[in-house]
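Trainee: I would like to learn how to read a model like this one, feature by feature. Could we take it slowly, with the general idea ahead of each case?

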Amino acid sequence: MGCFGLVGYSIFMSLCSGLIERFELFQKYGIRNWYILAYLALTLSCIFMFFFPRAEVVLSLICICGACFAVLFTIPLLLLSQYHANPIYRKKVGFIVSGEI
């Protein structure tokens, strides 16, 4: 059953990442709201899996965990790319961007 859980997790993680990118959901609803919602959904699904450790429950909730982890893994990289795209950052450390150390 663990293999099916990993397959469901990875499918929902890739689907969620694609939907976030396609519909620009972070820009529409805010990064902080998505981050809080993902942690809340992940916490509730893990608590529910802890109290009801049946295969059906775990396999259905692991898909929610995949979607939540897609959000939680995407947000730090998005914030880092916004930081590096800032013109003030480029002006301060322009020599590092050009490859000179």
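Trainee: Which residues does Ile 75 touch, leaving out those up to four places away in sequence?

Mentor: For a question of this kind one sets aside the neighbours along the chain and looks at what remains; in this predicted model, Ile 75 then touches Phe 26, Ile 31, Trp 34 and Tyr 35. Ile 75 also belongs to the largest nonpolar core, which has 19 residues, and is listed with Ile 20, Phe 26, Trp 34 and Val 71 as touching the most other members.

Trainee: Which elements give two or more residues to this core, and which gives the most?

Mentor: Helix H1 (2-23), helix H2 (25-29), helix H3 (31-51) and helix H4 (55-85) each give two or more, and H4 gives the most, with 9 residues. As for the chain as a whole, it has 6 helices and 0 strands, and buried residues make up 26% of its 101 residues.

Trainee: How do H3 and H4 lie relative to one another?

Mentor: One reads the distance between the axes, then the angle, then the hand of the crossing. The axes of H3 and H4 come within 9 Å and cross at roughly 150°; because angles over 145 degrees count as roughly antiparallel, H3 is roughly antiparallel to H4. The crossing in which H3 passes H4 is left-handed.

Trainee: Where is Ser 45, and is it buried or exposed?

Mentor: Ser 45 is in helix H3 and is buried, its relative accessible area being 4%. Once its neighbours within four places in sequence are left aside, Ser 45 is in contact with Leu 61, Ile 64 and Cys 65.

Trainee: Since Cys 65 has come up, how many disulfides are there?

Mentor: The test is a distance between sulfur atoms, with a cut-off of 2.5 Å, and by that rule the count is 0.

Trainee: Why is there no bond for Cys 65 or for Cys 68?

Mentor: The cysteine sulfur closest to that of Cys 65 belongs to Cys 46 and lies 4.4 Å away, so the two are too far apart for a bond. For Cys 68 the closest cysteine sulfur is in Cys 65, at 6.3 Å, which is again too far for a bond. Burial is a separate reading: Cys 65 counts as buried at 4% relative accessibility, and Cys 68 is buried too, with a relative accessible area of 6%.

Trainee: How should I read separation in sequence against separation in space, for instance with Leu 59 and Tyr 9?

Mentor: One sets the two separations side by side. Leu 59 and Tyr 9 are 50 residues apart in sequence, while their C-alpha atoms are 8.8 Å apart in space. Leu 59 is in helix H4 and is partly exposed, with a relative accessible area of 25%. Across the chain, if one takes contacts between residues at least 6 apart in sequence, 73% of them join residues at least 24 apart.

Trainee: What should I note about the backbone at Glu 24, and where does that residue lie?

Mentor: Here one reads the sign of phi together with the residue type: Glu 24 has a positive phi of about 50° although it is not a glycine. Glu 24 lies in the loop between H1 and H2, and at 47% relative accessibility it counts as partly exposed.

Terms used:
Residues are numbered from 1 along each chain as its sequence is written. This is a predicted model: local features need pLDDT of at least 70, side-chain atom pairs count only at pLDDT 80 or more; totals for chains, interfaces and linings use all residues. Side-chain values use heavy atoms; hydrogens and water are left out. A nonpolar core is a set of buried Ala, Val, Leu, Ile, Met, Phe, Trp, Tyr and Cys residues joined through side-chain atoms within 4.5 Å. Buried means under 20% relative accessible area, exposed over 50%, partly exposed in between (1.4 Å probe, protein chains only). Helices (H or I, at least four residues) and strands (E, at least two) are DSSP runs, numbered from the N terminus. Contact means heavy atoms within 4.5 Å. Axes are lines fitted to C-alpha atoms, for helices over the stretch in contact, and angles run from 0 to 180 degrees between N-to-C directions. Angles under 35 degrees count as roughly parallel, over 145 as roughly antiparallel, 65 to 115 as roughly perpendicular and the rest as oblique. A crossing is left-handed if the near helix is turned anticlockwise from the far one by less than a right angle, and right-handed if clockwise.
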